[in-house]
Amino acid sequence: MKFFSKNFGIFDLIVIIFLISIFNHLTYVVTTDIPLHAQFIKSYTDGNMPFQVNFLYYYTVYAISFHSNNLSILLFVSIYVLAFITFYKYRIVKKIIFSEISLFNQKPHLVSALSAFSLMLCFSLPSILFLDNSYYLANFPANIWHNSTIIFAMPFVILLFWKSLNQISDYKPKRLFIIILLIALNIVIKPSFIFVYITAYPIINYLRHKFSRTFWLNLIPVAVAISFVILQYYLVYISSSNNIKQAAVKIAPFNVLSFWTNSTHWYQVLFIVLSTIISSYLFPFVLLLKNKSLIKENMVLFSVLCSTISVLIFYVLSETGARVFDGNFIWQAFMCSFLLFMVCVIQLLKLIFKNPMGWRAYKIETLAFLLHIISGIYYFYRMIAFETYN
């Protein structure tokens, strides 16, 4: 077995062991959503809670546990489900990077594996909130390790983004069905990315095809996605089983952010917004400001649109009722951050391999990316040493 391989090498095995170790710690030591979601599954099976509308993660753990309602078994299965779905995410990213750089580099197996793993380590830099001992809150890191459903959804978010990107560049009728399937999977795992997708995809589609026949055909998955979103909104916020929550969605700019950060004045909120935006997206900012022509690339424009819309959704929308300050409109920002970082890494690698000076021609961009990796390594240390994900 080779250390680095296009399919499966020793490095991939190391990644699996790393992931199992991390999720074991996050399940049994750190207070995360992983044991909470395992308790949800037990409550569903005991008949104490109605089954979630976004059910696929919960049902997957339940099915693999051979329909057990034993919490210890559910926790054990959760570790391996999350470890292997994250490894699947790593494999997808590795394959995408390999396909994009193989023409420009003599060691694409090594570069794609290391780049995919590096992307898993990326985290936002410390913002002004670090002074209040908060490393994660209100930032938009490219990776989230404490929430089971966003972890489970990420491979399908990446696939939906990439298949849709391919459809923009090279329309194929059969790919429409794959995109619709990926939309459905996102909906039944965690629909957050779909809120962004139904806005960003039509925009990039229009910019590339105007009102051509291809434009209208590419909107078929968007119409399906909107139908799914409407149905899920009804089931979550309107149906009788959820009436006790008295929940809805409202436009309330910075409502959740102000509560989370105890900000009472507009200038405090503005300062926090600027701080968290810079700390979350330093690498993409640096890369795109120094290489402005990259924004013309479909993948760059699409990922920037997704990230921009995702952040606006969090800042503008809020729930009402008991979940008003839960921040459920922030999840899509994490998903889109990863997409933006992945695309920017691909573009940086292409620039480096095409330039005779190599990485030395892009020292500032490389340094900015390394800062996010260092921040991610520190975040792992923080989770282990202080037993917190915040």
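**Asn-291, the nonpolar core and the overall fold**

Asn-291 sits in the loop that runs between α12 (266-290) and α13 (298-316). This description rests on a predicted model. Although it belongs to a loop, Asn-291 has a relative accessible area of 13% and therefore counts as buried, the limit being under 20%. Its side chain reaches back to the backbone oxygen of Leu-287, at 2.9 Å. Once neighbours within four places in sequence are set aside, the contacts of Asn-291 are with Leu-351, Tyr-362 and Glu-365.

Helix α13, which follows this loop, carries Phe-302. With a relative accessibility of 0%, Phe-302 is buried. Not counting residues up to four places away in sequence, Phe-302 touches Phe-161, Ser-164, Leu-165, Tyr-197, Ala-200, Tyr-201 and Ile-204. For a sense of scale, Phe-302 and Asp-12 are separated by 290 residues in sequence, and their C-alpha atoms lie 29 Å apart in space.

It is helpful to turn next to the interior as a whole. In soluble globular proteins, nonpolar side chains tend to be buried together. Here the largest nonpolar core comprises 131 residues, and Phe-23, Trp-145, Phe-193 and Met-342 have the most contacts inside it. The greatest contribution to this core comes from helix α14 (residues 331-354), which supplies 18 residues. Phe-23 offers a good view of the packing: leaving aside neighbours within four places in sequence, Phe-23 is in contact with Ile-34, Ile-79, Leu-82, Ala-83, Thr-86, Trp-145 and Ile-151. Trp-145 thus appears both among the residues with the most contacts inside the core and among the contacts of Phe-23.

The chain contains 15 helices and two strands. Helix α4 (residues 71-101) lends itself to a simple check of geometry: at 1.5 Å a residue, its 31 residues should span 45 Å, and this agrees with the 45 Å between its end C-alpha atoms. The N-terminal end of α4 is capped by Asn-70, a side-chain oxygen of which lies 2.9 Å from the backbone nitrogen of Ser-72.

A similar check can be made for the whole chain. For 390 residues, a compact globule would have a radius of gyration near 21 Å, and the chain agrees, with 21 Å. Along the principal axes, the C-alpha atoms fill a box of roughly 65 × 50 × 50 Å. Of the 390 residues, 55% count as buried. Among contacts between residues at least 6 apart in sequence, 73% join residues at least 24 apart. The accessible surface of the chain is about 17,600 Å², with 67% of this belonging to carbon and sulfur atoms.

How values were computed: Residues numbered from 1 in each chain as written. Predicted model: local features only at pLDDT ≥ 70, side-chain atom pairs only at ≥ 80, totals over all residues. Heavy atoms only, no water. Helix = DSSP H or I, 4+ residues; strand = E, 2+ residues; numbered from the N terminus. Expected span 1.5 Å × (residues − 1). Polar contact = N/O pair within 3.5 Å; in protein donor to acceptor, adjacent residues only side chain to side chain. Rg over C-alpha atoms; globule rule 2.2 N^0.38 Å. Buried < 20%, exposed > 50% of the residue type's maximum accessible area, 1.4 Å probe, protein only. Contact = heavy atoms within 4.5 Å. Areas by Shrake-Rupley, 256 points an atom, 1.4 Å probe, with all protein chains shown as cover. Core = buried A, V, L, I, M, F, W, Y, C linked by side-chain atoms within 4.5 Å.
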